[in-house]
Structure formats: C-alpha cells, structure tokens
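Visitor: Hi! I have a model open and would like to talk it through. Could you walk me around it?
Guide: Happy to, let's put it on screen.

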Amino acid sequence: MELKSILTLPECTLLAQGNPDRTVSKVFCCDLLSIAMSKAPADSVWVTVMGNKNTLAVASLADVACIVLAEGVSLDEGTLAKAEEEGIAVLSTTLPVFDIALEIYEAGLS
Amino acid sequence: MSEKLTFQYVISGDDFTRAGEASSSVKNKLKQLGVDDAAIRKTAIAMYEGEINMVIHANGGMITVTISDTVIEMILADQGPGIKDISKAMQAGYSTAPEEVRSLGFGAGMGLPNMKKFSDEFQIESTPGVGTTVTMKVFL
C-alpha cells in the first residue's frame, strides 16, 4: 500500500506530505519514544500523542514513513518543515489512537 | 572504502530538543556510503539513545564515530556524574531521569538496554565523579 492512500483519510489534516509514493509496511502505536525507536517497523505509519521535536527525530532514525498525531496533537512549524525536508509525512487527527489506527488498518494496512 | 573515516560530534548538554542531530548526521553519512539499511538503523538507534543519555544525565559530551569496511565504532565519552551501579542502570525500566524528560516520552529506563540490544558489541566504563565512556560496535 502506498502512503498516499493514508494522506487522504477524511478525519486527518495533512501537515507534511513526505513521499506519497512510498510503500508503507504496518501501522504502529506507541507513545514512549524509547520503545517506539526500538520497535517501530521501518516504513511504518506511527500513531502517537507525543508531539515534540524528539518524535520526528525518532521517526527519522527508525525510518518511519508517516507520523499520525492523534487526539488533536500537533507539531510546531519548524519541526514540520524539518519533517518535509526529511521526507516524513505528518498527519493530525482529533480521533483517539485506537480509532485512527483502525481506520488506517481498514484502509489496507494490516 | 579502504580507509577509515572518523567523525566527531560535540553534544551540547542543555538542549534536549536538539538531541539526535549527531545521530541523524551519522545516519546520512552511512547512507551516502551505501551501508546496508539494517546496519544503519542499528547504528542510528544505538547512538541516538546514547546522545539522549548524555543530554539528560551528563551535561553533554563527545561522540567519535569511526567507519571502516568491516565495522562502525561509536565512542561516547562524557564528564558527567558517572554511574554508581552499572548493572542496575543496565536493567530495562530502571531510570533516574527527571520528570520533564519523562513528559517528553523518554526516561523509561530503556536507553542503555536499547544501546546494548542494537549494537553488536557494547562496553561501558564509568567512574562516579569522573564520567562515563560507552563503546559500541556495529559490524558490517
């Protein structure tokens, strides 16, 4: 499944588009950055409520394709610009973690 | 590559949000050198955890990365307070990180265990009051 199918989910606001043609692997949910860093699969879509600069650093180092910020969490503009630079997509949604992860799963990412 | 490449990074101790810049830089260099993706990921994760530790606990320090045909070696040296009980610090879940660090999603006592897990060779030496040096190797 390509990242672009997730970027257009109706409940999500697109904050950084990353590389829409990238093939994504799995959906992964975690808020503890040390665990996310060691467990997030490469090319995954990572759902979290942790929205700070370190979230992007972890995503970048773990080769995550897309960060989905749940519960209305956002990232500051500087961090979003950096995400764009690094080719990592960022979405924001008001949905809880489970609900958005399920939607991504049902969109074709199991 | 036939020669060894060495890179040095000074890790600033006061800016938690900048932690990761050195690891990102190493990651990009390894990519340019055409190093295998799995080895890059291991190196990046191990080094980032080390960087975070240096910022949280040791007021920064110095990281030296040497890349050869066969191995990526990272030496992380600080002049922080040192670790009294290394075996305790190596236990997953044991942490002395302050609350503000925990609120950012770190400080869960996973740093040193992750560094050991993602490196092929891991060595730690620490003297209370003098500092800590961690040496990690990822074989290529």
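Guide: What follows is a chat about how the chains meet and then about a sheet.

Visitor: Sounds good. What kind of model is this?
Guide: This is a predicted model.

Visitor: Okay, so how many residues does the contact take from each chain?
Guide: Chain B contributes 22 residues to the contact, and chain A contributes 21 residues.

Visitor: And how much area do chain B and chain A bury between them?
Guide: About 1700 Å² is buried between the two chains, with 55% of it on carbon and sulfur atoms.

Visitor: Which residues in chain B lose the most area to chain A?
Guide: Those are K27(B), R41(B) and Y48(B), which together make up 30% of what that side buries.

Visitor: How many salt bridges does the rule find across the interface?
Guide: The rule finds one salt bridge between chain B and chain A. Its partners are the side chains of D63(A) and K27(B), at 2.9 Å from N to O. You have met K27(B) already, among the residues of chain B that lose the most area to chain A.

Visitor: Nice. And how many residue pairs are in polar contact?
Guide: Between chain B and chain A the count is ten residue pairs, with both residues at pLDDT 80 or more.

Visitor: Which helices of chain B supply that side?
Guide: At least two residues each come from α1 (21-32), α2 (37-57) and α5 (111-118) of chain B. The most come from α2(B), which gives six residues.

Visitor: What is the mix by class on the side of chain B that touches chain A?
Guide: That side has eleven nonpolar, six polar and five charged residues.

Visitor: Switching topic: what is the strand order in the sheet of chain A?
Guide: The order is β1-β5-β4-β3-β2, in an open sheet of five strands with mixed pairing. The edges are β1 (12-17) and β2 (27-29) of chain A; each has a single partner strand, so one side of each is left without a neighbour in the sheet. On average, neighbouring strands are turned by 20° against each other, direction ignored.

Visitor: How do β4 and β5 of chain A run, parallel or antiparallel?
Guide: Parallel: β4 (residues 66-69) and β5 (residues 89-93) of chain A are joined by four bridges. If you want a pair to click on, L69(A) has S92(A) in β5(A) as its bridge partner.

Visitor: And which helices go with the sheet?
Guide: One is α4 (residues 77-86) of chain A, which lies across β1 and β5 of chain A at about 65° to β1(A). Another is α5 (residues 97-106) of chain A, which packs on the sheet and touches β1, β2, β3 (45-48), β4 and β5 of chain A. The direction of α5(A) makes about 160° with that of β3(A).

Notes. Residues are numbered from 1 along each chain as its sequence is written. Chains are lettered from A and ligands numbered from 1 in the order in which they are written. This is a predicted model: local features need pLDDT of at least 70, side-chain atom pairs count only at pLDDT 80 or more; totals for chains, interfaces and linings use all residues. Side-chain values use heavy atoms; hydrogens and water are left out. Contact means heavy atoms within 4.5 Å. Buried area is the accessible area (1.4 Å probe) that two parts lose on being put together, summed over both. A salt bridge is a side-chain nitrogen of Lys or Arg within 4 Å of a carboxyl oxygen of Asp or Glu. A polar contact is a pair of N or O atoms within 3.5 Å; within protein, one must be able to donate a hydrogen and the other to accept it, and residues adjacent in sequence count only if both atoms are side-chain atoms. Ala, Val, Leu, Ile, Met, Phe, Trp, Tyr, Cys and Pro count as nonpolar, Asp, Glu, Lys and Arg as charged, and the others, Gly among them, as polar. Two strands pair if DSSP finds at least two bridges between them. Axes are lines fitted to C-alpha atoms, for helices over the stretch in contact, and angles run from 0 to 180 degrees between N-to-C directions.
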